[in-house]
Structure formats: C-alpha cells, structure tokens
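Subject: Structure handover

Hello,

Here is the structure for you to look through. Please open it first, then read the notes underneath.

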Amino acid sequence: MNGRGKSDGCVVPEKPPNNDRQLSAEAVEGRRPAKGNILQPTTPRTQSRTGVSSGVQGVREAARRSRRARFTALLHHVTPELLHQSFYALKRQAAPGIDRVTWADYEEGLNDRLRNLHERVHRGAFRAAPSRRVYIAKADGGQRPLGVASLEDKIVQQALVTVLNAIYETDFVGISYGFRPQRGPHDALDALWTGLMTRKVNWVLDVDIRGFFDTIEHEWLRRFLEHRIADRRVLRLVQQWLRAGVSEEGQVKPTTKGTPQGAVISPLLANVYLHYVFDLWVQQWRRRSARGDVIVVRYADDIVLGFQHRWEAEAFLAALQQRMATFGLALHPSKTRLLAFGRFAVRHCKVRGQGKPETFDFLGFTHCCGHTRAGKFMVTRHTQARRLATKLKDLKTALLRRRHLPIPVQGAWLRSVVTGYFNYHAVPGNIHRLAAFSREVRRLWRRVLMRRSQRHRMPWRRYGPIADRWLPRARILHPYPNVRFDAKHPRQEPGAVVPHAGICAGGAG
C-alpha cells in the first residue's frame, strides 16, 4: 500500500513518516511502519445508549481485525450520552480540582452542562486546566505527589478512556494486569503464584522503575499513540492534559515530561507506554534469547520476573537497563533486586549457611519460600508488615475523629473498613496477619470508646458483645491462586474459542 490505504471500502490518505532525526518507535520495535488509516463504523445520529455501544463495539471489532490499523475518527464517539455515563462513573466524594467544583455541584443542571461541554470538545474550544498538586503518605514514610484534575477534565478523560480501551484491549498482552477492564491485582497475584509454583523458577527479578509516572517522555508517548490513533483532535486533547501543568501554592508549573498520578487517563497512558517499551520487547526477548523458563507479570510499573538460570537473569537485567534508558526511564538501583527464590532456594541457602531465602513484595503482599505440612515447597504470601502498620495508624486517627458518634454508627463504619480490608488481604496462608489485624482493631476501638469521657468505662465483658456484633471475624475469602487462574484461563482443546493461557507469559496470552 503506497501513499493510500483502503479499509472497509473506504480510501483515506496515509500519515506521512516523521521527519525528525530521532529513531522512530517502529524501528526500535523491529516492526514495519503502521499502515494506512481505517474508518470506523459510525454511530447513529440519535445519541442513545445503544448507539454509543454499537459505535465503541465497531471500534473494537476494527481494532481486532487489523493490529496495524490507524483510527482517523474517534472523537465523534464521545457523545453527550457517553459524557453522562462518564460523569456517573466518577467517584462522588473525590477531591475537587483547581476549579473547586465538586461532583454534587456539577450535577445541578447536569444536562445543560454536558451539552455545553460536548459542544466545546467537538468545536475545539475545550481547554485542559492545570492539576492541583496534593501529597499522600507512602508506606515507606515518604510522600507521593498526585495531580487532582478539574471535574470537566475527569469527565472527558473518562469518556476518552472508554473509547481508547476498545482499541488497546485488543493490543495489550497477557502479562499486563494493571488498570485494565476485567483484570485486577488478584489476577496478577494469581498468575505470579501459579508461575512460581509450576515453572522451573530459581531466581526472581523484582523490578522497580524510578519515578515512572514523573519521567514518561511526552515525545515517545505521542509516537506510541500514533501507532493506532490518527485522529488529530484526540491527540491534541492528550497533549493538553500532559502539558497543562500543576498548580502548587498558587503557582502553575509547566510539565515537560510525565503524566500526573491521579488523572483518570494516566493509567491508560502508562500502559500504552510500557506496552511498547517493555511488554512487546520482553516477549520478543523471551522467544529469541531465553534458554530456560521465564515468567513475567506486570501491574502498572510493578514488574516481577522469574528465571530458571541466574546468568540469564543477569543478562536480561543488563539488557533491560539499556532498554529503559533508550526511552528516558531508569531502574531504581536499591529497589531492583535479583534474589534466589523457588523450590531449591531453601536447600541452597542451608548449604551456603545463609539462613532463610530472601523475600520480595508485590501488590501489598510479601512472598516467601514456604512449605506445606507434608514438607513440599509452596509460595506463601503475607500482608506487608509496613502496610499493616500504616493501615492501623490511619484507622486509629479516623476512629478518634468519630469517638463521640453513637456506637452503632461507629460500628457500621468500622465494619465496612474491616470488610474491605479482608476482601483484599484474605488470601490462603495469610490467616495469621488477618487475625493480628482483627485483634488490633478490636483493641483500638475499645480504647477509643474508653476515651469518650473521663468517667467512661468499657470492661471486656461489656465490650465483647459489641465487638462481636459489628466486627467480622478473620477468615480466608479467596481460593487458592491456581484454582482461580485455571478457572479464568482453562486449558482448551485445539480449535476452541478461548486459547490456553500462557503461564510463561504470566497470564492469558
């Protein structure tokens, strides 16, 4: 196809190649330049829910038919109906942005506001507002900078993410789990546990990208997006959000790199960036260079790899450092670790007189080399001690603020908090940490109730029934990881619709 591309009976001009001196992303990935554009199935003129669904479904089908197709018309899928759905998909209690407009404020006269917003977006009059800089405490004692976008930016970003997900969910590979529809942290944890238990893994590489969200190169991100998106209006919106800057202490600081953490569109942009920088590259490396078993699991910028051979893990680490540097990223020197881990790690450590094997943290759990009652190797997972302590500290502060509320009000709130904690952390093998959390919550609540007044007394015989009434008991809620992993990615017969999941890739291939 020279100069012009044809798809679905439509002929559209092909985007000319870049003329700058920097090496193109296509050449870095070892792929041919993206082919001609493709027109999408258009939505009906009536902005109904059915029309929106059929339009986005058309984008998904077109993306699935051709992995090299480029979309020239995407913004027309951002309809008033989709903006309406996006508004109600936002968190209602989220902090306001620089405009100080809350979700409840915007809901008044919502239809007129969304019609005006839709008209400005399609007319090109919409302008992204700077993000409001806030800081939240990290588990290690530091502070994580967040950018709180204005409400209208959140609405448009949410709508655009819905459209772009239809494209990129056909491109993203099985090793990627972070911030994707139908996937969550427990899917990544299940894939990692299953890989460590079923593959010949003797070494684990725990990768940490230093300041990933703050060091994303805008130029590379634009090039990656242009592999699939040729709608200049969509690209212009993304550029606005990237360059809108942040407002801190009344001053707006421009941003030349990075994407603000906390923005609705940031997780998708981060996944697109690492899809081209890491995912495609590591799959190619595994096919061409690996000699032993290799497993890979990535959740946003948290990456864990397992290797059969140490020399192969060291060679991969050196290659990964060069790869990251090419795209403006760097590995954290102290947090990126290669450690002995697996079914033979305990035996080797005893021979060397090194004590117990090292552990690593992933998605809130510390992974250890353990064993069953029969003495067989098993990967055990416990809630990270630092996160447990941070959670209890925050819970104590929140309880003190509520100590004068009626006990049923406190109990209902505390039950929701403890239930949410158990829903995430109640995995097999973690019952001791769950029980410790439950005991500490009961102790904290009793101390808070005793501080309601100087005369107040809360003996255990009186407090016990209250705690039993409102606080759930610690128990395991999640199945074993391999059971859930096999259920979601069953082994299929040849010719079946759902292919067999690639464990070596850390998930469904």
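Below is what was found in it, from the whole chain down to single residues.

**The chain as a whole**

Keep in mind that this is a predicted model. The chain has 509 residues, and 50% of them count as buried. It holds 18 helices and 15 strands. Its exposed surface comes to about 25,600 Å². Carbon and sulfur atoms supply 50% of that area. Now take the contacts with a separation of 6 or more. Of these, 72% link residues 24 or more positions apart.

**Two sheets**

Start with the sheet of 4 strands. Its order is β6-β5-β8-β9. The sheet is open, and its pairing is mixed. The edges are β6 (143-148) and β9 (251-253), and each of them pairs on one side only. From one strand to the next, the twist averages 45°. Look at the middle of the order too. Strand β5 (residues 131-137) and strand β8 (residues 246-248) run parallel, joined by 2 bridges. To find the spot, look for R132, which stands opposite S247 in β8.

Next comes a sheet of 3 strands, in the order β13-β14-β15. This sheet is also open, but the pairing is antiparallel. At its edges are β13 (360-362) and β15 (377-383), each pairing on one side only. Neighbouring strands here are turned by 40° against each other on average, direction ignored. Between β13 and β14 (residues 365-371) there are 3 bridges. F360 has its bridge partner in β14, and that partner is H367.

**Two cysteines without a bond**

How many disulfides does a search of the whole structure find? The count is 0. C368 and C369 show the reason in their own case. The sulfur of C368 has its closest cysteine sulfur in C369, 7.8 Å away. A disulfide needs the two sulfur atoms within 2.5 Å, so this pair is too far apart for a bond. The result from the other side agrees: for C369, the closest cysteine sulfur is in C368, at 7.8 Å. Are these two residues buried or exposed? The cut-off for buried is under 20% relative accessible area. C368 has 15%, so it is buried. C369 has 17%, so it is buried as well.

**Nonpolar cores**

The largest nonpolar core has 79 residues. Which of them touch the most other members? They are Y273, F278, L305 and F316. Helix α11 (residues 266-288) gives this core its largest share, 12 residues. Another core lies apart from it, with 27 residues. Among its members are A188, L192, Y299 and F365.

F316 is a good residue to click on. Leave aside its neighbours within four places in sequence. F316 is then in contact with L205, F278, W281, V282, W285, L305 and F307.

**One buried glutamine**

Last, find Q410 in helix α15 (residues 407-425). Its relative accessibility is 1%, so Q410 counts as buried. What is Q410 in contact with, leaving aside neighbours within four places in sequence? The list is R402, R403, H404, L405, W445, V448, L449 and R452.

Best wishes

Note on methods. Residues are numbered from 1 along each chain as its sequence is written. This is a predicted model: local features need pLDDT of at least 70, side-chain atom pairs count only at pLDDT 80 or more; totals for chains, interfaces and linings use all residues. Side-chain values use heavy atoms; hydrogens and water are left out. Two strands pair if DSSP finds at least two bridges between them. Axes are lines fitted to C-alpha atoms, for helices over the stretch in contact, and angles run from 0 to 180 degrees between N-to-C directions. Buried means under 20% relative accessible area, exposed over 50%, partly exposed in between (1.4 Å probe, protein chains only). Contact means heavy atoms within 4.5 Å. A nonpolar core is a set of buried Ala, Val, Leu, Ile, Met, Phe, Trp, Tyr and Cys residues joined through side-chain atoms within 4.5 Å. Accessible areas come from the Shrake-Rupley method with a 1.4 Å probe; for residues, only the protein chains shown count as cover.
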